[in-house]
Amino acid sequence: MAGPSLTIFFLGLLFFCAISEASKCSVKGLPEVRNISALPQNNYGRGGLAHTTVAGSLLHGLNEVEVWLQTFSPGSGTPIHRHSCEEVFVVLKGSGTLYLAPNSHEKSPGKPQEFSVFANSTFHIPVNDAHQVRNTNEHEDLQVLVVISRPPVKVFIYEDWFVPHTAAKLKFPYYWDEECLEVEPPPKDEL
Ligand SMILES: *[C@@H]1O[C@H](CO)[C@@H](O)[C@H](O)[C@H]1NC(C)=O
Ligand SMILES: *[C@@H]1O[C@H](CO)[C@@H](O)[C@H](O)[C@H]1NC(C)=O
């Protein structure tokens with residue numbers, strides 16, 4: 001699958017389909033075109049992370065995709081985790097390392113493969129493969145645009161690569177949706 005055309009597809013989808021029904025957590029009443037620099041940012045208790053939900057499920061009523069902008073300071077990264085959604089990364093700034101343990105029938109993810117990621121690179125995570133993205137560049141932030149399918153994301157987190165799949169901790173929905181959990185669920189209309 002072609003990374004760049006997928007990205008363009010998703011960005012197109014974002015711009016043409018992002019606005020949905022009203023809820024306290026929706027963008028209704030906000031401008032159609034929004035300045036990413038002015039959107040809320042949070043680290044959700046994770047050191048070194050700045051997360052912005054560019055377009056969200058509960059936040060904006062999206063059913064099919066969610067788009068995040070994430071910045072990792074040197075040395076920080078995602079937990080080791082897996083999920084059953086598709087995920088596409090576009091590296092906007094900096095560099096780092098993707099650790100990926102191909103889905104196997106072993107009891108735990110096992111030793112991951114390592115890939116260098118760099119500005120203007122793109123990669124996607126196969127469904128259910130355990131993975132981690134880390135900023136392994138001491139000098140610069142790593143900034144990525146992330147698109148996931150089927151929000152809100154349901155994550156299984158591993159303390160290390162050798163934790164059995166059965167001992168991975170389920171987090172659902174993941175942090176960035178919680179602020180909107182109290183309001184009405186997003187509309188279920190087909191896109
Ligand atoms: C977007 O927001 C940033 C930060 O608030 C501001 O500096 C910038 O001028 C804004 N851009 C536009 C086009 O309004
Ligand atoms: C990323 O790659 C595209 C295609 O070659 C190019 O047009 C664009 O300028 C590149 N962007 C950066 C930030 O290097």
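When I say two residues are in contact, I mean that their C-beta atoms, placed from the backbone, lie within 7 Å. With that in hand, let's take His81. Leaving aside neighbours within four places in sequence, His81 is in contact with Ala130, Val155, Phe156, Ile157 and Tyr158. And before I go on: this is a predicted model, so please hear everything that follows as computed from a prediction.

Okay, the overall layout. The protein has 2 helices and 11 strands. Reading from the N terminus, the elements go α-β-α and then carry on as β-β-β-β-β-β-β-β-β-β. Of the 191 residues, 29% are buried. If you take contacts with a separation of 6 or more, 73% of them come from residues 24 or more positions apart.

Now the sheet I'd like you to look at. There's an open one with 5 strands, in the order E1-E2-E9-E4-E7, and the pairing is antiparallel. At the edges you find E1, residues 49–55, and E7, each pairing on one side only. On average, neighbouring strands here are turned by 20° against each other, ignoring direction.

Let's zoom in on E9, residues 142–149. Strand E2, residues 65–72, runs antiparallel to E9, and 8 bridges join the two. You can check the register with a couple of pairs: Phe72 has Leu142 as its bridge partner in E9, and Glu66 has Ile148. Then there's E4, residues 87–93, also antiparallel to E9 and joined to E9 by 6 bridges. Which residue of E9 is the bridge partner of Glu87? That's Ile148. So Ile148 is a bridge partner of Glu66 and also of Glu87.

Hang on to Glu87, since Glu87 comes back in the annotation. In an unreviewed entry, UniProt lists His81, His83, Glu87 and His131 under "binding site". Why would I say those four gather at one spot? They span 51 residues in sequence, yet no two of their C-alpha atoms are more than 12.3 Å apart.

Back to the histidines, then. His81 sits in strand E3, residues 80–83, and His83 is in strand E3 too. Are they buried or exposed? Here the cut-off matters: a residue is buried with 20 or more other C-beta atoms within 10 Å, exposed with 12 or fewer, and partly exposed in between. His81 has 19 other C-beta atoms in that range, so His81 comes out as partly exposed. His83 has 23 C-beta neighbours inside 10 Å, so His83 counts as buried. As for partners, His83 touches Val153, Lys154, Val155 and Phe156, again not counting residues up to four places away in sequence. Val155 and Phe156 are on the list for His81 as well.

Next, the nonpolar core. The largest one has 23 residues, and those with the most contacts inside it are Val65, Val67, Phe89, Val90, Val91, Val144 and Val147. The elements giving two or more residues to this core are E1, E2, E4, E5 (95–101), E9 and E10 (155–158). E9 provides the largest share, with 5 residues. Let me pick out Val144: outside its neighbours within four places in sequence, Val144 is in contact with Gln70, Phe89, Val90, Val91 and Leu92.

Over to E1, where Val54 lies. Val54 is buried because there are 20 C-beta neighbours inside 10 Å. Setting aside residues up to four places away, Val54 touches Ile36, Leu39, Val67, Trp68 and Leu69. For Trp68, 14 residues away along the chain, the C-alpha separation from Val54 is 5.2 Å.

One more stop: Asn120. UniProt, in an unreviewed entry, lists Asn120 as a "glycosylation site". Where does Asn120 sit? In the loop between strand E6, residues 113–118, and strand E7, residues 122–125. And Asn120 counts as exposed, because there are 9 C-beta neighbours inside 10 Å.

To wrap up, three things to click on. Try Ile148, which bridges to Glu66 and to Glu87. Then the "binding site" residues from the UniProt record, His81, His83, Glu87 and His131. And then Asn120, exposed by its neighbour count. Okay, over to you.

Notes. Residues are numbered from 1 along each chain as its sequence is written. Chains are lettered from A and ligands numbered from 1 in the order in which they are written. This is a predicted model: local features need pLDDT of at least 70, side-chain atom pairs count only at pLDDT 80 or more; totals for chains, interfaces and linings use all residues. UniProt positions are given in the numbering used here, feature names are shortened, and annotations may be inferred rather than shown by experiment. Helices (H or I, at least four residues) and strands (E, at least two) are DSSP runs, numbered from the N terminus. Two strands pair if DSSP finds at least two bridges between them. Axes are lines fitted to C-alpha atoms, for helices over the stretch in contact, and angles run from 0 to 180 degrees between N-to-C directions. A nonpolar core is a set of buried Ala, Val, Leu, Ile, Met, Phe, Trp, Tyr and Cys residues joined through C-beta atoms within 7 Å.
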